[in-house]
Amino acid sequence: IHTLLGTIDIVTIIGKQVQLKKSRHEFLGLCPFHDEKTPSFTVSPKKQFYHCFGCHAHGNAIDFLMQTQNHAFPEAISFLAEQAGLTMPKTQLDDKPPFFQEGLALLQKAGQYYQAHLNQTTHMQDYLKDRGLDETMIKHYALGYAPKNQINLFKNAPQKRLDDVGLLQGRHPKFQDRIIFPIHNRKGDIIAFGGRTCHPDIKPKYLNSRETPWFQKKTELYGLYQAKQLKETAQSLFVVEGYMDVIMLAQHGIGYAVATLGTAISSTQIKKMKQLTQTIIFCFD
Ligand code: ZN
């Protein structure tokens, strides 16, 4: 990936889709991610990064292709490699196991670890009960708790692997002292986590795993795996904003709600829902 990003030129890549004009050290154009009449979308050849001052979209060439072409991470990379005339090494991406399977296994293990910790942490269970959450919902959505000290999770897995799946922030555990909401893919594998602090003074209130080969937030929906198991879902699906909205609706008999993961709804997400249901009902604040 490093070699690839060092070889390609982001101005050329983006220039195929956006008309760019040189302006001092950067290139300027109309942002492809939001509607605008005056350009606020900049591409820096020096940093090999794009940034929009209007909607704050930003990233490198890989991000750009993922965002505009709906490419998954591996597709974006092979597309760019082909353009750059680079041969993709036949590891990781081609033979999905072991790299991909190993990552999934680690994410499941982390999920179990967080769940076990919630079971051991009475004051966190009380906290959830005070919020009105039933035990059955805590189990159904596999909620957990990430303690401050996570030695047991971290001592057995190599740092590199933990970082690959998004469990680290720098060298530290990403989720600490947070209620954990595992994010499942359609098959029910845990692919990422959301973490909610229970301290009003700690920001941000919600924290999500960063994007990884296992998790692209624009293509996933929280609660879709659980909703998929209900026959009511064939009739309609509710789309709400957050984890707690999904869970509270389920607790009150509407188990066919899903949440976007802090992004605007994407066509991929709509396609995924359309495969399961006839009617999609948006229910935002
Ligand atoms: Zn923009």
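Is Glu102 buried, partly exposed or exposed? I began with this residue in what is a predicted model, and I found Glu102 to be partly exposed, with a relative accessible area of 37%.

**Entry 1, salt bridges**

I searched the whole structure for salt bridges and noted seven. The side chain of Glu102 takes part in one of them, meeting the side chain of Arg161 at 2.4 Å, N to O. This pair links distant parts of the chain, since I placed Arg161 in helix H9 (residues 159-164) and Glu102 in helix H5, 59 residues apart. I then looked up the accessibility of Arg161, which is partly exposed at a relative accessible area of 23%.

Staying with helix H9, I recorded a salt bridge between the side chains of Lys160 and Asp164, at 2.8 Å, N to O. Because Lys160 and Asp164 stand four residues apart in helix H9, about one helical turn separates them. I noted that Lys160 counts as exposed at 54% relative accessibility, whereas Asp164 is buried, with a relative accessible area of 14%. When I put these residues together, I saw that Glu102, Lys160, Arg161 and Asp164 are linked in a network of salt bridges.

I also looked up Glu220 and Lys272, whose side chains meet in a salt bridge at 3.4 Å, N to O. Glu220 lies in the loop between strand E11 (206-208) and helix H10 (224-228), and Lys272 lies in helix H12, so the pair ties together parts of the chain that are 52 residues apart in sequence. I checked how far each is covered: Glu220 counts as buried at 8% relative accessibility, and Lys272 counts as buried at 12%.

**Entry 2, zinc site**

Which protein atoms are the donors of the zinc ion? I listed Cys31 (SG), His34 (ND1), Cys52 (SG) and Cys55 (SG), which lie 2.0 to 2.3 Å from the ion. The angles among the four donor atoms run from 103 to 116 degrees, and the site is tetrahedral. Along the chain I read the spacing of the donors as C-x2-H-x17-C-x2-C. For two of these donors I took down the accessibility as well: Cys31 is buried, with a relative accessible area of 7%, while His34 is partly exposed, with a relative accessible area of 24%.

From Cys52 I also took a distance to Gly6, and the two are 46 residues apart in sequence and 22 Å apart in space, C-alpha to C-alpha. Gly6 is found in helix H1 (residues 2-7) and counts as exposed at 67% relative accessibility.

**Entry 3, nonpolar core**

I turned to the largest nonpolar core, which holds 48 residues, and noted that Tyr114, Leu143, Phe193 and Tyr222 touch the most other members. Among the elements that each supply at least two residues of this core are helix H5 (96-120), helix H6 (122-130), strand E9 (178-184), strand E10 (190-197) and helix H11 (243-251). The largest share, nine residues, comes from H5.

**Entry 4, surface patch**

Where is there a nonpolar patch, and which residues form it? I found one on the surface, formed by Ile270, Phe282 and Phe284, with about 270 Å² of accessible area together. Ile270 has its place in helix H12 (residues 267-274) and counts as partly exposed, at 31% relative accessibility.

Definitions and conventions: Residues numbered from 1 in each chain as written. Predicted model: local features only at pLDDT ≥ 70, side-chain atom pairs only at ≥ 80, totals over all residues. Heavy atoms only, no water. Donors = N, O, S within 2.8 Å, 3.2 Å for Na, K, Ca; no water. Tetrahedral: all angles 85-135°; square planar, octahedral: opposite > 155°, others 65-115°. Buried < 20%, exposed > 50% of the residue type's maximum accessible area, 1.4 Å probe, protein only. Patch = residues over 30% accessible without salt bridge, like charges linked within 9 Å, V, L, I, M, F, W, Y side chains within 5 Å. Areas by Shrake-Rupley, 256 points an atom, 1.4 Å probe, with all protein chains shown as cover. Core = buried A, V, L, I, M, F, W, Y, C linked by side-chain atoms within 4.5 Å.
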